[in-house]
Amino acid sequence: MAIVKVRDVARMAGVSAGTVSNYLNHPHKVAAPTGRRIEQAIADLGYVTNPTARALRTGDSRIIGHLTYEVGDPFFSSFSRGVQDAATAAGYEVVIANSDGSAERETQLLRFFGAQKVSGLLLSPVVDRSSEIAAFARSHTPVVLLDKHRGPAECSTVSVDDTEGGMLAAEHLLRIGCTHLYFVGGPLDIDAVQDRWNGARRAVDAAATEVRLTQLPTAQRSIRAGREAAEQLASLVAGDEYAGIFAVNDLVAIGVLHGLLQRGIRVPEDVAIVGYDDIDFAEDAVVPLSTIRRPGARFGREAFDRLEDLLEGKPPTSTTFTPELIVRSSTSRAP
């Protein structure tokens, strides 16, 4: 079977090969009627692009790599939609890869993206990646670090002030009369988790009355991890006058909520719970969940915009979003 080439598509669509190439690389710059003719010709002929070959030829793959460590978190879906929308509008495609928290897997995926000559990289690293970022910079591939307040001089950063978020959650629980706070989730070697813990600890240290703060780590940040933590929490909170639980994310909070309710512990009458992220499920939980809202789609759009700035030769920048407390029924004792 003969290989279909750009000139074949151009001939069928009645346009120049340059117009077809422009449509493939920058579809938003081609008039809609022309684009439809080209798209029809592509479909009729079965034309398939070869992004690797084109990247080797032009040095521009029009592909953005996005390497994350927790693709299963619903917050990631919202963030990813923001990235995808912004990238599509600018004529790029996004390839998402999940390290699942494995440094070894992350190394493999970074090598993969480098071999594919992606135009840029959005990176949520598990471990320090300064040397890899420097290597990408030498090959003129910009990197934006996510959930990091600082990074190597070559890259931009986009993050949320999770220390402030942790303080907001703990201060809210203290205001409604909680005398013992439990921080549920982990591990602390993830910067965002560490920052939330630090924020909660800062709020407790600043409290006018004596308050205890206990950490209950989890290996994962899932509903199942929250349910498992509820087994331990059920016996711990029984001896507290009024306990407050600050979960590292909404998934863990929902798992804790369900696990405690199954054991006859009422929320918020016996225990108050605050989550983090404000995912769609938070408001629809069996007891609507108070949470710390951080932007999802807006975070994603901002991340791509900062990457596009680097692609245009602008200097690296740092963007930090401020989280917001959302009060619902799981802390309805709030004044």
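Biologist: In what sense do strand 10 and strand 12 pair, and over how many bridges?

Modeller: This is a predicted model, and in it strand 10 (residues 290-293) and strand 12 pair in the antiparallel sense over three bridges. One of those partnerships is R293 with E324 of strand 12.

Biologist: What makes that a proper pair of strands?

Modeller: Two strands count as paired if there are at least two bridges between them. Strand 10 and strand 12 have three bridges, so they pass the cut-off.

Biologist: Which sheet are they in, and what is its pairing called?

Modeller: They sit in an open sheet of six strands, ordered 7-6-8-9-10-12, and the pairing is mixed.

Biologist: What makes strand 7 and strand 12 edge strands?

Modeller: Strand 7 (212-216) and strand 12 (324-326) each pair on one side only. Neighbours in this sheet are turned by 20° against each other on average, direction ignored.

Biologist: How do you know that helix 8 packs on this sheet, and which strands does it touch?

Modeller: Helix 8 touches strand 6 (180-184), strand 8 (243-247), strand 9 (271-277), strand 10 and strand 12. Touching here means heavy atoms within 4.5 Å. The direction of helix 8 makes about 160° with that of strand 9; angles over 145 degrees count as roughly antiparallel, so that is the word for this pair.

Biologist: And at what angle do helix 8 and helix 9 cross?

Modeller: The axes of helix 8 (residues 162-175) and helix 9 (residues 191-205) come within 6 Å and cross at roughly 40°. That makes helix 8 oblique to helix 9, because angles under 35 degrees would be roughly parallel and 65 to 115 roughly perpendicular. The contact includes G166 and A170 of helix 8, plus G199 and A203 of helix 9.

Biologist: Okay, the other sheet. Why is one side of strand 2 and of strand 11 left without a neighbour?

Modeller: That open sheet has six strands in the order 2-1-3-4-5-11, with parallel pairing. Strand 2 (93-98) and strand 11 stand at the edges with a single partner strand each, so one side of each has no neighbour in the sheet. Strand 1 is joined to strand 2 by six bridges, and I64 has V94 as its bridge partner in strand 2.

Biologist: Last one: how do you know that helix 13 has close to its expected reach?

Modeller: Helix 13 (residues 297-311) has 15 residues and reaches 21 Å from its first C-alpha to its last, close to the 21 Å expected at 1.5 Å a residue. Its buried residues, among them F299, F304 and L307, pack against strands including strand 1 (63-68) and strand 11 (318-321).

Definitions and conventions: Residues are numbered from 1 along each chain as its sequence is written. This is a predicted model: local features need pLDDT of at least 70, side-chain atom pairs count only at pLDDT 80 or more; totals for chains, interfaces and linings use all residues. Side-chain values use heavy atoms; hydrogens and water are left out. Helices (H or I, at least four residues) and strands (E, at least two) are DSSP runs, numbered from the N terminus. The expected span of a helix is 1.5 Å times one less than its number of residues. Buried means under 20% relative accessible area, exposed over 50%, partly exposed in between (1.4 Å probe, protein chains only). Axes are lines fitted to C-alpha atoms, for helices over the stretch in contact, and angles run from 0 to 180 degrees between N-to-C directions.
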